[in-house]
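User: I've got a structure to look at and I keep tripping over the vocabulary. Could you go through it with me, one term at a time?

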Amino acid sequence: MTDRVLIVDFGSQVTQLIARRVRESGVYCEIHPFNRVTGASLRDFAPRAVILSGGPASVVDIGTPRAADEVFALGVPVLGICYGQQTMCAQLGGTVEPGDHREFGRAWVEVADECALFHGVWSKGGREQVWMSHGDRVTALPPGFRVVATSEGAPFAAIADDARRFYGVQFHPEVVHTPHGAQLLRNFTHGVAGCSGDWTMAAFRAQEIAKVRAQVGGGRVICGLSGGVDSSVVAALLHEAIGDQLTCVFVDTGLMRLGEADQVVSVFRDRFNINLVHRDASELFLAKLEGVTDPERKRKIIGATFIDVFEEEARKVGGADFLAQGTLYPDVIESVSFIGGPSVTIKSHHNVGGLPERMNMKLVEPLRELFKDEVRALGRELGLPDDMVGRHPFPGPGLAIRIPGQEITRDKLEILRKADAVYLEEIRAAGLYDAIWQAFAVLLPVRTVGVMGDSRSYDYACALRAVTSTDGMTADFYPFDMAFLGRVANRIINEVKGINRVTFDVTSKPPGTIEWE
């Protein structure tokens, strides 16, 4: 069986980053909330190592989270990060106190001694940059531990119990602001825990195909195909697993980018030979959106209409036992958050409302263990075209929310599609597409005066948006040079009838959002 690492979550905002770093080194891991980790669950999961995450609570307060005592009795390596280090020390006989000197942001640690975590990365006597975010600090070590690094605000910035293979760091190795953090984590998973690093997309593909076949048996599966990365990868994986037992339903809302509907049909019906129902419902969606300008109403109408159309087509197919969804691991993590928050709403083109219950179908969710970048890697492994797998994120409501403050009409959609296509074509030609998280054009609710030829024009203005990001939670605008923007603007104005002015959006997130509506 593939080596597995368990990450015990104490509520840190960056716990997912720990998982991403561990998986990037070829080791499979899962995040479990601290209050769901028990002796029985630990035995079932059988981890090669355990990582205790950071968290917002204070170990010195009564009733704050603790690791299950069985974690320290498993006989496997344990790494405590920030709050994880503090609770480990408190539980094993050390002392944690509120700090007089807090550390938030970039800090420097002095490497006091050699340590398995530091092998080949940090040397005794060195001074290394890390990222801190803590108020409390360890003030007395449990028996068996020694200090291996210190900082101004944390005399026990890194500690080690070599015999038990327990380690603790006050800083956050999982964030990019700790330059060697990924290597430190790799030293723990590979060097200390002895993980082989053999978890690959090829291995996952084979494993998940076997799981799907076991779950589905001779049953039939229906999959809502949006053309986005997640549903496309689900469809390709399921088709490889169960062949003609899968039927995909592609609802064309009329709100997609230029050529996307044709590409979906071409790839899945013609190339993969998948049973595909293609329903062109664009007239229905436009009719439902007539006169609507409020963004929330747009979203609700589009979501509800999509579910209605999907259900109608699913009933025509008939006899499906399972519904496939593109649920990803971040959705799963948030839905079992230890703070008891409600499950997140998965995007509408994946989560088709209450259909599983109404139609008496069970769920098949083959991507629920993967992060987005892993889904892309799986898509390439399955042979999906790069321009589909590497596509920028696209909102469920489609182009409807890129025509802000206006009624959605066929004419406006055509104008926006053409402008967007020119913009993305130029980005690709410049070799910038993969350096940008998301790029798109927005048709503004503004008309401006212009001069085209010798005549006065009075046409729409459009805005160009391009952002860099790692997860979409925060973002900054992409710094195109002015020559590039000038070239794009010139092409749009000359080639797209209906636009006579182009602007560029330089708002970061926060305070703005990536999309305009």
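User: What makes the sheet with the order 12-11-10-13-14 an open one?

Analyst: Quick note before we start: this is a predicted model. The sheet has five strands, and its two edges are strand 12 (275-280) and strand 14 (362-364), each of which pairs on one side only. The pairing is parallel, and the twist averages 25 degrees from one strand to the next.

User: How do you know that strand 13 and strand 14 are paired?

Analyst: Count the bridges. Two strands pair if there are at least two bridges between them, and strand 13 (residues 322-324) is joined to strand 14 by three. They run parallel. For one partnership you can find yourself, look at Leu323, whose bridge partner in strand 14 is Leu363.

User: What lies across this sheet, and what makes that count as touching?

Analyst: Contact means heavy atoms within 4.5 Å. Helix 6 (residues 229-242) lies across strand 10 (221-224), strand 11 (246-252), strand 13 and strand 14, and runs at about 160 degrees to strand 10. Helix 9 (residues 295-317) packs on the sheet too, touching strand 10, strand 11, strand 12 and strand 13. The direction of helix 9 makes about 145 degrees with that of strand 11.

User: Why does the radius of gyration of the chain agree with a compact globule?

Analyst: For 517 residues, a compact globule would come out near 24 Å, and the chain has 26 Å, so the two agree. The C-alpha atoms fill a box of roughly 80 × 60 × 40 Å along the principal axes. Inside that box are 15 helices and 18 strands, and 56% of the residues count as buried.

User: Why is strand 3 said to be covered on both faces?

Analyst: Buried means under 20% relative accessible area. In strand 3 (residues 49-52), Ala49 and Ile51 are buried on one side, and Val50 and Leu52 are buried on the other. Strand 3 also has pairing partners: strand 1 (residues 4-9) over four bridges and strand 4 (residues 78-81) over three, with both pairings parallel. Val8 stands opposite Leu52, while Val50 has Val78 as its bridge partner in strand 4.

User: What makes helix 3 "largely enclosed"?

Analyst: Seven of the nine residues of helix 3 (residues 83-91) are buried, so it is largely enclosed by the rest of the structure. The buried ones are Tyr83, Gly84, Gln85, Gln86, Thr87, Met88 and Cys89. After helix 3 comes Gly93, with a positive phi near 110 degrees.

User: Which residues touch the most other members of the largest nonpolar core?

Analyst: That core has 48 residues, and the ones touching the most other members are Tyr423, Ile427, Phe480, Ile492 and Ile499. Helix 14 (410-429) is among the elements that supply at least two residues, and it gives the largest share, eight residues. Setting aside residues up to four places away in sequence, Phe480 touches Tyr423, Ile427, Leu432, Ile436, Ala466, Leu485 and Phe504. There's also a second, separate core of 43 residues, including Cys223, Val229, Leu246 and Val375.

User: How do you know that Ser469 meets a residue distant in sequence?

Analyst: Ser469 and Trp437 are 32 residues apart in sequence, but their C-alpha atoms are 5.6 Å apart in space. Trp437 is also on the contact list of Ser469, along with Thr474 and Ala475, once neighbours within four places are left aside. You'll find Ser469 in the loop between strand 16 and strand 17 (476-477).

User: Why is Ala46 called partly exposed?

Analyst: The partly exposed range lies between the buried cut-off, under 20%, and the exposed one, over 50%. Ala46 has a relative accessible area of 39%, so partly exposed is the right label. Its phi is near 50 degrees, a positive value in a residue other than glycine. Ala46 sits in the loop between helix 2 (39-45) and strand 3.

User: And what makes Arg165 partly exposed?

Analyst: The reasoning runs as before. Arg165 has a relative accessible area of 30%, so it is partly exposed. Arg165 also has a positive phi, about 60 degrees, without being a glycine, and it lies in the loop between strand 8 (158-161) and strand 9 (166-169).

Methods:
Residues are numbered from 1 along each chain as its sequence is written. This is a predicted model: local features need pLDDT of at least 70, side-chain atom pairs count only at pLDDT 80 or more; totals for chains, interfaces and linings use all residues. Side-chain values use heavy atoms; hydrogens and water are left out. Axes are lines fitted to C-alpha atoms, for helices over the stretch in contact, and angles run from 0 to 180 degrees between N-to-C directions. The radius of gyration is taken over C-alpha atoms; the globule rule is 2.2 Å times the number of residues to the power 0.38. Buried means under 20% relative accessible area, exposed over 50%, partly exposed in between (1.4 Å probe, protein chains only). A nonpolar core is a set of buried Ala, Val, Leu, Ile, Met, Phe, Trp, Tyr and Cys residues joined through side-chain atoms within 4.5 Å.
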